[in-house]
Amino acid sequence: MPASDSNPFQSLPPLVVGLAGLVLAIETVFQLGAAGLAGGAAGVGWRMSAIVAFGFHDPLFASARAARRFDLDIARRLVSYGLIHAGFVHALFAAVLVLALGKAVSERFTQAAMAGLMLAGLAAGALAYGLFQNSAAPLIGLYPAIYGLIGGLTWSLFTEGTGRARLAAFRLIGILLALQLVVRLLIGGGNEWIADLTGFAVGFGLSWVIGPGS
């Protein structure tokens, strides 16, 4: 019989626990600032200030491409945007998904490989967002990294399965993309799906190199 005081987070990889905790901690600071409980008058604008400072902005990226100048600020934004979210629900879902998917992927990948999947998903997602669409809306949120994990999990199920089971491995990404389409039709939204789908494709492709037994 398991001990009643067992920690439910013990079976989760520290990488995803720390990442989810950081996302929620940042969001808590924004919520406190917006409620006037921290930072005074400046606290109300903390989220927008963070989006300006750390979000991925296509106009900045377009200017850098035109000038053929890619500095550390652009490079930093390729991953820093993942820590900033549009609101509490946006951040909460990201934290829950990274914990759930991180647990599944950690059963097959090392933590270093998981970090690689997420970082590659973030960077490639931002690049695709900047290259394949023209939008003044900043890219924020951890979701391209989450889709990188989905790509790794899909690769594992694909390589472990045979026959029709290999095609079934793509069921999860199909369901998620269908849900995104429904959400966009009902409440609108931008082209963040480009970054998400790119994160998945890069995660799937990279797994052939860093996945177990590759």
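**Entry 1. Overall fold**

I began with the contacts in the protein that have a separation of 6 or more, and found that residues 24 or more positions apart account for 76% of them; I took contact to mean heavy atoms within 4.5 Å. I note that the model is predicted, that local features need pLDDT of at least 70 and side-chain atom pairs pLDDT 80 or more, and that totals for chains, interfaces and linings use all residues. Residues are numbered from 1 along each chain as its sequence is written, and side-chain values use heavy atoms, with hydrogens and water left out.

I then looked up the secondary structure and recorded 11 helices and 0 strands. Helices here are DSSP runs of H or I with at least four residues, strands are runs of E with at least two, and both are numbered from the N terminus.

For the surface, I noted an accessible area of about 11200 Å², with 70% of it belonging to carbon and sulfur atoms. These areas come from the Shrake-Rupley method with a 1.4 Å probe, and for residues only the protein chains shown count as cover. Of the 214 residues, 39% count as buried. I used buried for under 20% relative accessible area, exposed for over 50% and partly exposed for what lies in between, with a 1.4 Å probe and protein chains only.

**Entry 2. Nonpolar cores**

I next asked which residues have the most contacts inside the largest nonpolar core. They are Phe56, Val98, Leu142 and Ile146, in a core of 41 residues. A nonpolar core is a set of buried Ala, Val, Leu, Ile, Met, Phe, Trp, Tyr and Cys residues joined through side-chain atoms within 4.5 Å. The elements giving two or more residues to this core are α1 (14–34), α4 (58–67), α5 (72–80), α6 (88–106), α7 (111–131), α8 (143–160) and α11 (192–210). Helix α8 supplies the largest share, 9 residues.

I followed Ile146 further: leaving out residues up to four places away in sequence, Ile146 touches Ala94, Leu97, Val98 and Leu101. I also found a second, separate core of 6 residues, which includes Ile26, Phe30, Ile51 and Ile84.

**Entry 3. Helices α6 and α7**

I checked the span of two helices, taking the expected value as 1.5 Å times one less than the number of residues. The 19 residues of α6 should span 27 Å, and the end C-alpha atoms of α6 are 26 Å apart, which agrees. The buried residues in α6 include Ala91, Ala94, Val98, Leu101 and Val105. The general rule is that an α-helix has 3.6 residues a turn, so residues three or four places apart point the same way.

For the 21 residues of α7, the expected span is 30 Å and the end C-alpha atoms are 30 Å apart, which agrees. Among the buried residues of α7 are Met114, Leu117, Met118, Leu122 and Tyr129. I asked which helices the buried residues of α7 pack against. They are α1, α4, α5, α6, α8 and α11.

**Entry 4. Aromatic rings**

I counted rings of Phe, Tyr and Trp (its six-membered ring) as a pair if their centres lie within 6.5 Å, with planes under 30 degrees apart stacked, over 60 edge-to-face and the rest tilted. The count comes to 10 aromatic pairs. The rings of Phe56 and Phe61 have centres 5.4 Å apart and planes at 50°, so this pair is tilted. Phe56 is buried at 2% relative accessible area, and Phe61 is buried at 4%.

Phe200 and Phe204 form a stacked pair, with 6.3 Å between centres and 25° between planes. Because they are 4 residues apart in helix α11, they are separated by about one helical turn. Both are buried. They also belong to one aromatic cluster with Phe109, Trp155, Phe158, Phe170 and Trp208.

**Entry 5. Single residues**

Ser207 also lies in helix α11, and Ser207 is buried, with a relative accessible area of 0%. I asked which backbone oxygen the side chain of Ser207 reaches. It is that of Gly203, at 2.7 Å.

His85 is in the loop between α5 and α6. Is His85 buried or exposed? At 1% relative accessibility, His85 counts as buried. Not counting residues up to four places away in sequence, the residues that His85 touches include Glu27, Arg47, His90 and Tyr143.

Arg68 lies in the loop between α4 and α5, and Arg68 counts as exposed at 76% relative accessibility. I recorded a phi near 55° for Arg68, a positive value in a residue other than glycine. Most residues other than glycine have a negative phi.

Definitions and conventions. Polar contact = N/O pair within 3.5 Å; in protein donor to acceptor, adjacent residues only side chain to side chain.
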